[in-house]
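Biologist: I've got a model open on my screen and I'd like to learn how to read it. Can we start with the sheet?

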Amino acid sequence: MSAQPASGTAPSATAEPKPIVVHGVDTTAQTQCAHWHSARDIIAIRHACCGEYYACISCHEALASHAAAVWRRADWDTTKAVLCGSCRAQLTIAEYLACESTCPRCQAAFNPGCARHYDLYFEKQDPALGAGEASKA
């Protein structure tokens, strides 16, 4: 007598990747939300505190039951924390900070004004250093 899986079928060896969920208030397929919804507002950021993607910090504040935390500089080169809403590419923080407001995968234009809010998501940078370099202080 041979044992069979409870469902009667073996699990697929080529399982589909889980879709990326972007949390937000009135979020579109391209990750725009009630707070930021121009044609260039098409990134979502995975938050260091919970590992979940949110369309913006205001969406995190509205929906998460905890305070936001910033990504440490030590994580920037290896952590994929930025999602392009156009092609769904996941970028490392370093890739995003160096991309000059253009997706390196699909060339979609990102909102350059997002740079004013980097400190809400990423450990502060020293303005005297180049983009993507953190202060050593």
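Modeller: Sure, terms first: helices (H or I, at least four residues) and strands (E, at least two) are DSSP runs, numbered from the N terminus, and two strands pair if DSSP finds at least two bridges between them. This is a predicted model, where local features need pLDDT of at least 70, side-chain atom pairs count only at pLDDT 80 or more, and totals for chains, interfaces and linings use all residues. Residues are numbered from 1 along each chain as its sequence is written, and side-chain values use heavy atoms, leaving out hydrogens and water.

Biologist: In what order do the five strands lie in the open sheet?

Modeller: Strands of a sheet pair through backbone hydrogen bonds, either parallel or antiparallel. Here the order is 1-3-2-4-5, with mixed pairing. Strand 1 (22-23) and strand 5 (90-92) are the edges, each pairing on one side only.

Biologist: How many bridges join strand 4 to strand 5?

Modeller: Three, and the two strands run antiparallel; strand 4 covers residues 80-84. Lys80, for example, has Thr92 in strand 5 as its bridge partner.

Biologist: Why does Asn111 count as buried?

Modeller: Buried means under 20% relative accessible area, exposed over 50%, partly exposed in between (1.4 Å probe, protein chains only). Asn111 counts as buried because its relative accessibility is 19%. Asn111 sits in the segment after helix 2 (93-98).

Biologist: Which residues is Asn111 in contact with, leaving aside neighbours within four places in sequence?

Modeller: Contact means heavy atoms within 4.5 Å. On that basis, Asn111 touches Ser38, Arg40, Asp41 and Ser101.
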